[in-house]
Amino acid sequence: MAGSGEEGLYSRQLYVLGGGSRRLAGAAVLVSGLRGTGAQVAAALVLAGTGRVVLHDRGAACTADRAHQFLLEESDVGRNRAEASQQALTELNPHVTVAAHIGELSEDFLASFQVVVLTESSLEEQLHVGDFCHARGICFIVADAKGLAGQLFCDFGERFIVDDPAEGDLVCAAVQHISQGNPGVVTCVGAEDSHGHLFCDGDLVTFSGVEGMTELNSQEPVPVRVLDAFRLEIGDTSSFSPYRRGGLVSQLRLPQVHSYEPLRRALAEPKIQVASHEELPRSHSLHAAFQALHAFRGEQGRLPRPRALADAERVLELARSLGAQQGPLDEDIVRAFASVSAGDLCPVAAIVGALAAQEVLKAITRKFLPLDQWLYFDALECLALEGVTRLTEEDCAPVRARAEPVLGIGGAATTRAHAAPPSRQTGSRYDGQIAVFGATFQEQLGHQKYLVVGAGAIGCELLKNFAMMGLAAGPGGDLIVTDMDTVALSNLHRQLLYRSADISKPKSVVAAAAVRRMNPSVRVTAHQNQVGPATEPLYGDDFFRRLDGVISALDTLEARAYLESRCRRCLTPLLDSGTEGPRGNVLAMVPPLTKPLGPASAPGDGTFPLCTLRFFPRTIQHTLQWARDEFEGLFQLPAEHVNRFMEDPAFPEQLPAGKALEVLEQVRDSLRERPRDWQDCVRWARRHWQSRYHDAIAQLLHTFPPEHETSPGIPFWAGDRSCPHPLMFNPDNDAHLEYILAAAHLFAQAHKVPPCSDRAAVQTILRSVVLPPFVPQEGLQISLVEEQEEAQVPADCRRLAELTQDLVQQREELVGGEEAQVPLMEPIHFEKDNNIHVDFITAASNLRAENYGIPPADWLTSKRIAGRIVPAIITTTAAVAGLACLEVYKLVWGCQDLSFYRNSNLCLSDCLLLRVQPLPPPTYQYGGREWNCWDRLEMRAVGADGQEMTVQDVLDWLQRTHGWTVTMLLRGHTLLYDREEDEETRARQRVQRLSENLEAAGEPRQRELELLYVCEGEDAEAEDNRPPLLCFLP
């Protein structure tokens, strides 16, 4: 049956964390330090449904916290951070208990938690708490963000059991053959969406349903060795019985035991996780830098002043003296880290906090391998940007401490403290960001014009970050967010800006209001439009050209491809981001530096051969697709056809004869089966159960008995054909009853009959149903291949005419009846978040799976596969949004050096983050020189008389400017000039204004035309490789 209300809320997360996520409700987690990183950790845990989250902070919120601590409001300045954050977190998820603690972290207090997370703690406190947690078996995490760098440490004790170490579904494959030998070789059946099995060397597997070599069915899990895409080696099968047919080989994951060192020991002998070995020296230098920063703070009582050379050198001296690094110390890394370590950046806090929160979820759910044991992250490449390198201590000083030049006696220049208005004497909310990038950059952030397409999980995190950063918070700034969707229950566990009261409201409107609450200065506008061809009058070239950048957080490849094409045309930077479960990525498209994004690899479309679905399923994906088709064929299409026939009985005449007959038969059956009451619906469901799960299978076995051979010695039921068996109905069988209840409910809804959920009453009705015995049909033809299945059956025109006449008469009787409702039936479209719909799909699929010996799928898995749901979790989306915002900093600086940009790939299940330089644009040769995909020819198509240029003017311009003789000129499919035409036609073409032919062809007048040209001497390869010509009309 359907999952609970909480499963509806957390369904996308359950697909990531599995069954272990049910442990979250009973867990207690301490988050110490409620600045940016701690706020991100706490928010992720609350959204994820952790039972009890306790916030600890002994400090008061200040104005500068509001550039990275998104839970605080202006009225919270001066209050304790933990107490100020408590209310906002409670509103995020009322199912979670959120408490605040402002006292000491005593051992008695710490002992009540399963996980302790420290942020913003001194090294002494980290060591003390770490020792206690290690001794008590409490999972211990340190997460720290300083400027442009972050640190993460995990100690899950000496014996931590990981129940499920990997992501994704377990691998399964149908068996085609198993050899007798040492080792035995298993040959698997290929799947439609891959070239073979998906097993890896060392995977443990079990066997089921094998006929002949039955010894494998009861064998303990065995490791496999992959031979190729279809064959696996297993253990010794030489003494087993010969393989006959059938069977499944299934992956099994066993729990793993891991051991971790306490922080005190791990500091001196660090195990640092990196995406590649080349990153290890950098991470070791950051390991030393963070320790040196603790020492500096203990020595000076503060962090290094931004851009203060003396402070940075002192941190470097401490790093050298500590001797904590392994291998050579990269002194430039330490200096750069120290110079901005006093800074606070929301994107960095989002990344580090999200990674830390994911480790907490691993500790609780025991899903995925925990971090072993250190991870370092940095975006210090930002400090090498042109302009950033020239920043001084004065440029990066807090607002309240900045000095300004004034005229002294005799006009001599002197300085005095910047006299801020009383409301700003406590400093700017952006001081932490100014400490890294300077005050002038902060002003530039405020002037930005950005479009965010999509206000889902990633979109919410991006908008939160933009509010903290102050993007579009100044004169001329403009932040537009557009999304057509409304808030749904399943959004709430990972889409930060929405609450239960927002359900059914437009996402963009709610998100924009949330941004204004976080930062009233941000000039944000909500749109509810799709960015696509239909909205080009609104989102045209002028719109895109005035933007400083576009951020996409889209969930369809088509929408993403269109948005990229618009940005390519208008040379607008685009940052594209996406997630799937614990994986995420950010791609930067920066004209003219980077390669365009290009087409993304599309996942499988979920289509299977019809003969496979109808007669030879072998995976749960097959039975679920069959159930989806059943749903549509029972509850949607018949109702649509009946209603249309009632409106217009002549509509089948518009269809091919074969299709018309099929439609009219559906109409006839639906009218014949119209139920009078709920009992009729239950009886219909019982008859349909018998038809699908007994009679259809019995007929198939009558046509192809279990011993049937395709040729002598070659069994029919072998390889990718599993021999089925009919099911016998039992009203006391829960699986059978679940199907009846769901099918009867949907049938009643389609026919507008009140349903009933009384299981006992339904069982009573079912026991009274008597069905005739099954009688097989002789000579029935069954399609064995796709071509046969798709072949058109010749229409019986006489039968079609008779059926039409009968139905027209029935229609007249119904229309004349007083009880007739218009429309007569209610078509039901499958909705993945409708529990009754998923109940039917799950029951129908699992019964079909039982027919064919396929392992069933639970309700949530069925919902995911049938609904094509992408698994999602707040930690991945928060980290991806943070990574995207780091690239925004570079765009705002106007960076024109490819080496500073980064594409990011994230895998939180393995705690891996890979950031690489984007590829440069591809080049090609045309007209004797090299071009790239961003190059275009631009001409102001205005003659000396101020009028629009003629075609001849364009030809002359190309000849004069590039030395090219044009033989053909087109605008789309409209021909403007062709040298092959006769002289009179060419003369007429040459004197025409550019837009004349277009207006004649019915195209609206445009200020900008993109023309296609063909030049003399072009080779065949030039067709797709020539720079576009853009003509700007008066």
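Let me start with strand β10, residues 204-208, in what is a predicted model. Its covered face carries Val 205 and Phe 207. The uncovered face has Leu 204, Thr 206 and Ser 208. In a regular strand, side chains alternate between the two faces of the sheet.

β10 has antiparallel pairings with two strands, β11 and β14. With β11, residues 222-223, there are two bridges, and Val 205 has Val 222 as its bridge partner there. With β14, residues 248-252, there are five bridges. On that side, Thr 206 is bridged to Ser 250.

Next, a strand much further along in the numbering, β28, residues 912-916. Here too the side chains alternate. Leu 913 and Arg 915 point to one face and are buried. Leu 912, Leu 914 and Val 916 point to the other face and are not buried. So which strand pairs with β28? That is β27, residues 903-907, antiparallel, over five bridges. Asn 903 of β27 stands opposite Val 916. The two strands form a hairpin with four residues between them. In the turn, Cys 911 has a positive phi of about 55 degrees.

Now the aromatics. How many aromatic pairs does the structure hold? The count is 35. I will show two of them.

One is Phe 543 with Phe 544: the ring centres are 5.6 Å apart and the planes stand at 85 degrees, so this is an edge-to-face pair. Both of these residues are buried.

The other is Tyr 926 with Trp 964. Their centres are 5.0 Å apart with the planes at 85 degrees, so this pair is edge-to-face as well. It links distant parts of the chain, with the two positions 38 residues apart in numbering: Tyr 926 is in strand β29, residues 923-926, and Trp 964 is in the loop between α28 (951-962) and β32 (966-971). Buried or exposed? Tyr 926 and Trp 964 are both buried.

There is also an aromatic cluster to look at. Its members are Trp 626, Phe 631, Phe 635, Trp 684, Trp 689, Tyr 693, Phe 729, Tyr 739, Phe 747, Phe 830 and Phe 840.

Last, charges over rings. The charged end of Arg 721 sits over the ring of Phe 616, at 5.2 Å from the ring centre. Arg 1026 lies over the face of Tyr 1013, and there the distance to the ring centre is 5.9 Å.

Conventions
Residues are numbered from 1 along each chain as its sequence is written. This is a predicted model: local features need pLDDT of at least 70, side-chain atom pairs count only at pLDDT 80 or more; totals for chains, interfaces and linings use all residues. Side-chain values use heavy atoms; hydrogens and water are left out. Buried means under 20% relative accessible area, exposed over 50%, partly exposed in between (1.4 Å probe, protein chains only). Two strands pair if DSSP finds at least two bridges between them. Rings of Phe, Tyr and Trp (its six-membered ring) pair if their centres lie within 6.5 Å; planes under 30 degrees apart count as stacked, over 60 as edge-to-face and the rest as tilted. A charge sits over a ring if NZ of Lys or CZ of Arg is within 6 Å of the ring centre and within 35 degrees of the ring normal.
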